[in-house]
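Colleague: I would like a close look at one part of this model, and then a walk outward from there. Please keep it brisk.

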Amino acid sequence: MSTLFLRTLREDPADAEVASHKLLVRAGYIRRAAPGIYTWLPLGLKVLAKVEAIVREEMDAAGGQEVHFPALLPREPYEATHRWTEYGPNLFRLQDRKGGDYLLAPTHEEMFTLLVKDLYSSYKDLPLTIYQIQTKYRDEARPRAGLLRGREFIMKDSYSFDVTDEGLDASYAAQRAAYVRIFERLGIEYVIVQAQSGAMGGSRSEEFLSPTEVGEDTFVRSPGGYAANVEAVTTPVPDALPWDEAPAAHVEDTPDTPTIDTLVAAANAAHPRADREWTAADTLKNVVLALTSPTGERSLLVVGVPGDRDADMTRLEAALSPFGVEAANEEDFAKHPQLTKGYIGPGALGPQARPEGVARGDEQDAAIPYLVDPRIVPGTRWITGADVHGKHVFELTMGRDFTADGTIEAASVRAGDPAPDGSGPLELARGVEIGHIFQLGRKYAEALDLRVLDENGKQQVVTMGSYGIGVTRAVALLAENNHDELGLSWPVQVAPYHVHVVATGKDDAVFEASARLAGELEAAGIEVCYDDRFKVSPGVKFKDAELLGAPFILVVGRGLAEGTVELKVRAAGTSEALPVDDAAAAVIARVRQALAG
């Protein structure tokens, strides 16, 4: 440690919010270069390399072959798949001195596809799986939590190429199984959940989420085994209801009721029901959204959700991708006077606002599109805005009095909601996405004309799968899940060193014994960090050893006079005295046992 490029810190960095960010900086694993961009120091690189090694071993075992693409890529392939615009502001775009357009790659589907197209032309060449571990770039609006959400990060992305859908299923299953082995070897807890494909496209999509309170993803699971990212949860659709005997809709004065709570209170006070009280679930809340297309055009959409639920912006963003989504602002309302803020109803929206004979999307169509939650089925009756300030309409019946342009999964998901597959009530949890696998199908192959000749000599479009692991995110998550109030506590398989040898005191015999033990351990293949600093106090050395987080700490000090040294197990917080002559053998056995699992 007297020559190690390292400076530990006693105070947390001012911009750090989560434990992994604080400790990786304090322990000298990474340093901030810019928001969401980090320099890797020697200790951090050692951990990163071990994570990468486990990923490579399992990818190779699953039949993958490693390649390496540049991070700086030309515009044209991304134009062909429309992702130059669909990625919107998340894409780092730049020009060379000749005015040519380039990007810093967020993913490499296009390049993998073109590489296979360049080299392969027959079904005999397939199936094929190739992968890379490469730096990626995304212009995150709010980089946070250190390595958990950055602008520059390292990913493993692999791609499978098959002729048939059955071949894709087999490749997908092989990659899925490899991911299970990777995360089990890393010691990362995971849940496999259904997910949406987003800008990647494709059909089947699953995420590997690691449950943690600092996660930005919300997922659900049921007692019967259903699990999904909240964005991918589908609402069980109720049966339609008859409206033959439903009361006629009627408009009532409801002054000073711009919120659901004030509306429910006013309805129960002035228009009580005979059978039960009105609740928020009887109201229809119409949320005005502003959509921004990838090319910058702004338009409005209104979404109707039951009043006892909020519109979930995360679910909306997933459902409306690649459009950007935000709440409409005052300028938007000013341009659309038919929207009476606080009292918006279906009457001014969608099918109700289109002249007879004008279809949605026609040139003459000036109506704001209207989508509703799947629970709003024909026959359901609602209190909602009457499009007049201070007035609401009661008993407005879906299918009889109004319709919508379609449905959208927009409403918030709550604990206790039924699982879509009937497997019980849902519980909500937070997690970090550590892996994502997709059945891309033929989207990219068709866009880039990747075809091979089949056994009959006919051209067939290749079908693809895409499989990603956040490598730097895995490092952060390991730190997040393996620490205490003293510092990091790495699992042995990813620790920068297996053993931290600490020489305490100023006696030459202590340093001689420490150096000898460190040498014996290294000769046996054990990775050692030896704190040989002569003028540093034992207290500082202990604090550094605990902060750096090696699984085993071997202390040589006072006990040497009695012929013993102390072995501390960092994660367990235990310690034991070992005879100095037997210490190296005992530690070697302990490390090898830990590595063997």
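How much space lies in the second largest pocket? Please start there, then take in the elements around the lining and the other features worth a look.

Modeller: This is a predicted model, so read every value as computed from it. The second largest pocket holds about 330 Å³ of space. Its lining counts 18 residues. Nearest the centre lie P258, K285, N286, G342 and Y343. Three elements give two or more residues each to this lining: helix 7 (260-270), strand 14 (284-292) and strand 18 (381-385). Strand 14 supplies the largest share, with 5 residues. By class, the lining of the pocket splits into 9 nonpolar, 7 polar and 2 charged residues.

Follow strand 14 out of the pocket. Strand 14 belongs to an open sheet of 5 strands, ordered 16-14-15-17-20. The pairing in this sheet is mixed. Strand 16 (324-327) and strand 20 (406-407) are the edge strands. Each has a single partner strand, so one side of each has no neighbour in the sheet. At one of these edges, strand 20 runs parallel to strand 17 (residues 370-372). The two are joined by 2 bridges. One residue pair to look for is V372 with T407, its bridge partner in strand 20.

Now turn to the helix on this sheet. Helix 8 (residues 313-320) lies across strand 14, strand 15 (298-306) and strand 16. Helix 8 runs at about 145 degrees to strand 16. The loop between helix 8 and strand 16 contains P322. The peptide bond joining S321 and P322 is cis, with omega about 15 degrees.

A second cis bond sits elsewhere. L126 and P127 are joined by a cis peptide bond, with omega about 5 degrees. P127 is placed in the loop between helix 5 (109-119) and strand 7 (128-137). Why pick out such bonds, and positive phi values too? Most peptide bonds are trans, and most residues other than glycine have a negative phi.

Strand 18 gives two or more residues to the pocket lining, and the loop after it deserves a check. D387 sits in the loop between strand 18 and strand 19 (391-397). D387 is not a glycine, yet its phi is positive, at about 60 degrees. Go on into strand 19, where E395 is placed. E395 is not a glycine either, and has a positive phi of about 60 degrees.

Next, the sheet of strands 4, 5 and 6. This is an open sheet of 3 strands in the order 4-6-5, with antiparallel pairing. Strand 4 and strand 5 are its edge strands, each pairing on one side only. From one strand to the next, the twist averages 35 degrees. Strand 4 (residues 72-74) pairs with strand 6 (residues 101-104) over 3 bridges. L73 has L103 of strand 6 as its bridge partner. Strand 5 (residues 92-95) pairs with strand 6 over 4 bridges. There, R93 also has L103 as its bridge partner in strand 6. L103 is thus a good residue on which to centre the view: L73 is one bridge partner, and R93 is another. Strand 5 and strand 6 form a hairpin with 5 residues between the strands. In that hairpin, G99 takes a positive phi near 90 degrees.

One helix contact is also worth opening. Helix 1 (residues 19-26) and helix 12 (residues 471-481) have axes that come within 8 Å. They cross at roughly 100 degrees. The two helices are therefore roughly perpendicular to each other. On the helix 1 side, A19, S20 and L24 make the contact. On the helix 12 side, A476, A479 and E480 meet them. The residues of this contact divide into 4 nonpolar, 1 polar and 1 charged.

Last, the enclosed space. The structure holds 1 cavity of 30 Å³ or more. The volume of the largest cavity is about 40 Å³. Its lining consists of Y29, L43, P496, Y497, H500, C529, L548, G549 and A550. That lining has 7 nonpolar and 2 polar residues, and no charged ones. The lining of the second largest pocket, where we began, includes 2 charged residues.

Terms used:
Residues numbered from 1 in each chain as written. Predicted model: local features only at pLDDT ≥ 70, side-chain atom pairs only at ≥ 80, totals over all residues. Heavy atoms only, no water. Axes fitted to C-alpha atoms, helices over the stretch in contact; angles between N-to-C directions. Parallel < 35°, antiparallel > 145°, perpendicular 65-115°, else oblique. Contact = heavy atoms within 4.5 Å. Nonpolar A, V, L, I, M, F, W, Y, C, P; charged D, E, K, R; others polar. 1 Å grid on protein atoms, 1.4 Å probe; cavity = no way out; pocket = protein on both sides within 12 Å on 5 of 7 lines; lining within 4 Å. Points joined across faces, edges and corners; volume = space filled by probe spheres on them. Pairing = 2+ DSSP bridges.
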